[in-house]
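Please walk me through this protein in the viewer, one selection at a time. At each stop, tell me what to select and what is there.

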Amino acid sequence: ASGAGVVLPTATAGMAITIVNTSANSLLVYPASGASINALATNVGYSQATLSTIQYITLTGTLWYTVGGTYA
């Protein structure tokens, strides 16, 4: 549904998570409490586009990066 989201697990260095959004709406992807995604502020959700697959990777325990996005 519009405004729906998911929360990434607590980051561990080297972890990678792939999220596939097959819905007709953007998906809000939130980091675990106290972490961030890309250059967003702490605890702010990343808006993943509809019909996209994005890999989220972390090199630390508090910062996730988006890589390898594909879009239908």
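The tour goes from the whole chain to single strands and ends at a ring pair.

This is a predicted model, in which local features need pLDDT of at least 70 and side-chain atom pairs count only at pLDDT 80 or more, while totals for chains, interfaces and linings use all residues. Residues are numbered from 1 along each chain as its sequence is written, and side-chain values use heavy atoms, with hydrogens and water left out.

**Whole chain**

Select everything and colour by secondary structure. The protein has 0 helices and 7 strands, where helices (H or I, at least four residues) and strands (E, at least two) are DSSP runs numbered from the N terminus. The radius of gyration is 11 Å, close to the 11 Å that the globule rule gives for 72 residues, so the protein is as compact as a globular protein of that length. That radius is taken over C-alpha atoms, and the rule is 2.2 Å times the number of residues to the power 0.38. Along the principal axes, the C-alpha trace spans about 30 × 20 × 20 Å.

Of the 72 residues, 26% count as buried; buried means under 20% relative accessible area, exposed over 50%, and partly exposed in between (1.4 Å probe, protein chains only).

**Ser2**

Select Ser2, in the segment before β1 (5–7). Ser2 counts as exposed because its relative accessibility is 65%. Add Val44: the two are 42 residues apart in sequence and 17 Å apart in space, C-alpha to C-alpha.

**Strand β3**

Select residues 27–30, which form β3. Which side chains of β3 point to the buried face? Leu27 and Val29 point to one face and are buried, while Leu28 and Tyr30 point to the other and are not.

Now show the neighbouring strands. β1 and β3 run parallel and are joined by 3 bridges; two strands pair if DSSP finds at least two bridges between them. Val6 has Val29 as its bridge partner in β3. On to strand β5 (residues 46–48), which runs antiparallel to β3, again with 3 bridges. There, Gln48 is the bridge partner of Leu27.

**Tyr46 and Tyr56**

Select both tyrosines, Tyr46 and Tyr56, for the 1 aromatic pair in the structure. Their ring centres are 6.1 Å apart and their planes stand at 85°, so the pair is edge-to-face. Tyr46 sits in β5 and Tyr56 in strand β6 (residues 52–58), 10 residues apart. Rings of Phe, Tyr and Trp (its six-membered ring) pair if their centres lie within 6.5 Å; planes under 30 degrees apart count as stacked, over 60 as edge-to-face and the rest as tilted. Both Tyr46 and Tyr56 are buried.
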